[in-house]
Structures are given as C-alpha cells and as structure tokens.
Amino acid sequence: RPDEERQDLHQGPPPQPVLKELRLLWEHRALLYTLIVSDLRFRYVGSSIGFFWTVVNPIIELVTYTFVFHVLMGVKFHPAGGTVHYGLFLFCGMVCWFALANGLSRGTTSIRENAHLIKKVNFPAAVLPAHVVFSAVFSQVIRSSILFLGVIFLGDGLSAHVLAVPLVILLQACFVLGLAFFLATAQVFFRDTADWVNAGLMIWMFVTPIFY
C-alpha cells in the first residue's frame, strides 16, 4: 500500500556522516574487494579478449574522436601540434571522463539493482556504490598506464607533474563517490534518476573541454 510504503521509508535509518560511511567501507574492505573483483570478472567473462577490453574500448573511442575532431574539424590544442599531439592530450581528458561517467552511471543504479541483498540481510548499503566507483578507478589506473607509455614513446616524455596524478585520481574518486552515494539514494525514491544522470553525462561530456 502507498501509505504503508511511505511510512516504511520514513522509518528507515537516519543519514550518516560522511566519515562514518568511510569508516564503514574500511571495516568491510574485504567485502568491498570481493565485489570489485567480481564486478571486473563479470564484465569481461565470456569475451574473447577478456580484461583487455578495458584498453581496447578507450583506444577505439580515442581514434574515433581524434579523427572527427582533429582530422575532420581541425581542432588543435597547439598550433604546431599534430595528430599524435592531439591524441595524447585528448586521452588525458578521456581517461578521467571514463572513470567519472562509468562510476556515476553504474553507481546510480547500484542499490536498486541489488535491493535483494539489503532487504534480506544486514548488508552495508554503502559498499554497493563504492565498489562500482572503485572498479572504475581501477580501470582508470590501467588506462593511465597506457597513457604514460604513449607519452614516453610518442610524446616528449613524462615530467615531474606526473607525481600529482595519484592525488588527482584520489580526489576524483572521492568526488565521484560522494555523488554516487547521493544519486544511488535518489534512485531508490525516483526511478527516473538514472535517465536524468545519463542525459546529464552526455551534456557534461561535450561541455567539459575534453575535445576542444
């Protein structure tokens, strides 16, 4: 009944401070690790090249975007920059964007898709969005390694600024995790939240200066 459902929702657990949620994730780090590994395996099980799709998909999109924006439209980051120069700069933005978009889109539906776990057992709900976000971060680290190799062999080499990359990834992960907590909660009450998130991500991708 609608009245009873609304009453059950109001009787749910009160919101928890962010630090308490982070401590909860640390206490259940073994479960979090298991879910991350299971998520990575499930996404690539049965495919011909398996985990290498983490690298192949970004490269295919990189080649496509480079051809469209650089070759066809003539977009350049530097007047003297060529196709390789543009591709490396573009991949810098794409590596970050893939992790953000994947973490938000999948994190939004993580609680509703696994509602059976929360209803039947005393399951820490915060682990569900977190394992999706950290799985995206792991893929981001792999893609960053590919980017670094490309800069070393095709670009001008790495500078000391590369030491700041782990901090940037950490800050981005915290930012995405916070949004994923909020959006996953909103998805429980408003089912069209995921649709709004996907539409917003499409606009966000082209507003963000990844391509231009």
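What follows is a friendly exchange about how some labels in this predicted model are justified.

Colleague: Let's start with the overall fold. What makes up the secondary structure of the protein chain?

Modeller: Helices: there are 10 of them and 0 strands. Buried residues come to 36% of the 212 residues in the chain.

Colleague: Why is Val127 called buried?

Modeller: Buried means under 20% relative accessible area. Val127 has a relative accessible area of 0%, so the label fits. Val127 lies in helix α8, and, leaving aside residues up to four places away in sequence, it touches Leu25, His28, Leu31, Leu32 and Leu35.

Colleague: How far apart are the C-alpha atoms of Val127 and Leu31?

Modeller: They are separated by 7.9 Å, although the two residues are 96 residues apart along the chain. For the whole chain, residues 24 or more positions apart account for 75% of the contacts with a separation of 6 or more.

Colleague: Now the charged pair. Why is the pairing of Asp39 with Arg106 called a salt bridge?

Modeller: The term asks for a side-chain nitrogen of Lys or Arg within 4 Å of a carboxyl oxygen of Asp or Glu. In this pair the closest N and O atoms are 2.4 Å apart, so the criterion is met. The structure holds 1 salt bridge.

Colleague: What does the pair tie together?

Modeller: Asp39 lies in helix α3 and Arg106 in helix α5, so the salt bridge links parts that are 67 residues apart in sequence.

Colleague: Are Asp39 and Arg106 buried or partly exposed, and how do you know?

Modeller: Asp39 has 9% relative accessibility, which is under the 20% cut-off, so Asp39 counts as buried. Arg106 has a relative accessible area of 25%; partly exposed is the range between 20% and 50%, so Arg106 belongs there.

Colleague: How do you know that the span of α9 agrees with its number of residues?

Modeller: At 1.5 Å a residue, the 25 residues of α9 should span 36 Å, and the end C-alpha atoms are 36 Å apart, so the two agree. Among the buried residues of α9 are Ile169, Val176, Leu177 and Leu183.

Colleague: Which residues touch the most other members of the largest nonpolar core?

Modeller: Leu90, Met94, Trp97 and Leu201, out of the 38 residues in that core. Elements giving two or more residues to this core include α3, α8, α9 and α10, while α5 gives the most, with 11 residues.

Colleague: And what supplies 69% of the exposed area?

Modeller: Carbon and sulfur atoms do; the protein chain exposes about 13400 Å².

Technical notes:
Residues numbered from 1 in each chain as written. Predicted model: local features only at pLDDT ≥ 70, side-chain atom pairs only at ≥ 80, totals over all residues. Heavy atoms only, no water. Helix = DSSP H or I, 4+ residues; strand = E, 2+ residues; numbered from the N terminus. Buried < 20%, exposed > 50% of the residue type's maximum accessible area, 1.4 Å probe, protein only. Contact = heavy atoms within 4.5 Å. Areas by Shrake-Rupley, 256 points an atom, 1.4 Å probe, with all protein chains shown as cover. Core = buried A, V, L, I, M, F, W, Y, C linked by side-chain atoms within 4.5 Å. Expected span 1.5 Å × (residues − 1).
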